[in-house]
Amino acid sequence: MVISLHSPLDMHLHLRDEEMLDIVAPLSARTFAGGLVMPNLVPPVTTAEDVARYRGKIRKAQGENRFVPYMTLFFKSDYTPEFLESVRDEILAIKLYPAGITTNSEGGVSGFDLKELSPVLSVMSDLGIPLCVHGETGGFVMDREAEFIPIYERLAENFPDLTIVMEHITTKEAVEALERYENLYATITLHHLYITLDDVAGGLLQPHLFCKPIAKRPEDRSALLNVALEAHPKVMFGSDSAPHPREKKEAPGCAAGVFTAPIALQGLAQLFDRHGALENLQAFVSDNAQRIYGIRPLEKEVVLEKTAWLVPEIYEGTVVPMFAGESLEWRIVSAG
Ligand code: NCD
Ligand code: ZN
């Protein structure tokens with residue numbers, strides 16, 4: 001069996017910097033037509049110069065592969081209206097991180113005081129700049145996302161014209177919130193469609209499946225699967241592919257992040273095929289994002305066939321992908 005995907009998009013992607021960027025950028029750029037590039041570098045992407053410099057590095061690292069890096073800024077509550085207006089055409093979204101909640105988020109927002117956030121959010125709303133949010137509180141790790149839902153609701157109510165994307169949702173509570181607010185959308189990763197906390201910590205600890213937000217309960221995964229497999233119009237694929245060098249993962253104090261960029265489309269095809277939902281994969285992996293973000297990606301046709309493919313153990317001796325050394329049921333035949 002063969003399927004063809006038209007201009008797949010990865011709407012939540014970590015490409016990093018320096019050597020890691022050179023390793024991972026070509027892997028995303030080979031099979032995706034574009035990706036929303038997260039700004040949590042050290043230091044984060046906060047100026048027009050940062051955006052231009054980072055885009056240039058990605059362009060160089062992606063090589064001959066046809067791929068559009070959709071750039072983001074790291075949310076700061078002191079951005080001025082003039083700055084936001086000047087940078088509007090250079091970015092697709094602004095990413096808001098609660099301070100210290102995940103990798104390289106120390107400069108994020110503390111306290112979620114709407115009075116403090118409102119000036120920037122209203123300008124974003126006026127300019128049509130979507131807000132992407134890492135929605136976790138500092139509470140108990142399994143409850144962090146559900147506890148954050150009231151904050152999403154406050155944001156959605158106070159800024160009804162602002163497009164708000166709940167990033168990498170992992171709970172049934174987040175899925176339910178989607179239905180209550182017209183301006184709330186969500187990305188869903190590959191790994192959260194496959195795994196629960198059991199896969200991470202139920203047997204021997206699996207550092208390569210450890211990420212923020214942590215994978216949750218079977219009923220949460222089912223809720224995510226329901227909306228992903230039907231390509232619910234308010235959800236889209238965002239891998240949250242978050243590479244870390246092997247020694248940072250296989251270590252005490254394991255870094256959070258699952259590296260899925262090179263296996264994402266094969267893993268999605270396997271999942272949608274197993275659930276008899278292949279006809280919805282195109283919408284989940286591209287059409288919904290095009291509509292939600294109002295983008296026209298470059299034309300790219302990716303052909304996959306149902307043939308066993310052995311996932312590499314490691315890329316460039318540095319970064320270990322999800323399903324390393326295992327066989328997936330689908331492989332990529334061509335992309336161009
Ligand atoms: C991401 C990273 O490593 O940058 N880690 C993760 O576990 N997902 C940050 C993030 O998206 O939370
Ligand atoms: Zn992320």
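This short talk covers aromatic pairs, one charged side chain over a ring, and one pair of packed helices in a predicted model.

Let me start with the rings, since the structure holds 9 aromatic pairs. One of them is formed by Phe 112 and Phe 148, whose rings are arranged edge-to-face, with 5.1 Å from centre to centre and 85° between the planes. This pair links distant parts of the chain, because Phe 112 lies in the loop between β5 (93–96) and α4 (114–127), while Phe 148 belongs to helix α5 (residues 144–158), which puts the two residues 36 apart. As for accessibility, Phe 112 and Phe 148 are both buried.

Elsewhere, ring pairs join Phe 32, Phe 237, Phe 272 and Phe 284 into a cluster, and I would ask you to keep Phe 272 and Phe 284 in mind, as both come back in a moment.

Before that, a word on a charge and a ring: the charged end of Lys 234 sits over the ring of Tyr 185, at 5.4 Å from the centre of that ring.

Now to the helices. Two packed helices are described by the angle between their axes and the distance between the axes. Helix α11 (residues 264–274) packs with helix α12 (residues 281–293) at an angle of about 140°, and their axes are 9 Å apart. That angle makes α11 oblique to α12, because only angles over 145 degrees would count as roughly antiparallel.

Which residues of α11 and α12 meet? From α11 come Leu 265, Leu 268, Ala 269 and Phe 272, and they meet Leu 281, Phe 284 and Val 285 in α12. Sorted by class, this contact of α11 with α12 has 7 nonpolar residues, with no polar and no charged ones.

Terms used
Residues numbered from 1 in each chain as written. Chains lettered and ligands numbered in written order. Predicted model: local features only at pLDDT ≥ 70, side-chain atom pairs only at ≥ 80, totals over all residues. Heavy atoms only, no water. Phe/Tyr/Trp six-rings, centres within 6.5 Å; stacked < 30°, edge-to-face > 60°. Helix = DSSP H or I, 4+ residues; strand = E, 2+ residues; numbered from the N terminus. Buried < 20%, exposed > 50% of the residue type's maximum accessible area, 1.4 Å probe, protein only. Lys NZ or Arg CZ within 6 Å of the ring centre and 35° of its normal. Axes fitted to C-alpha atoms, helices over the stretch in contact; angles between N-to-C directions. Parallel < 35°, antiparallel > 145°, perpendicular 65-115°, else oblique. Contact = heavy atoms within 4.5 Å. Nonpolar A, V, L, I, M, F, W, Y, C, P; charged D, E, K, R; others polar.
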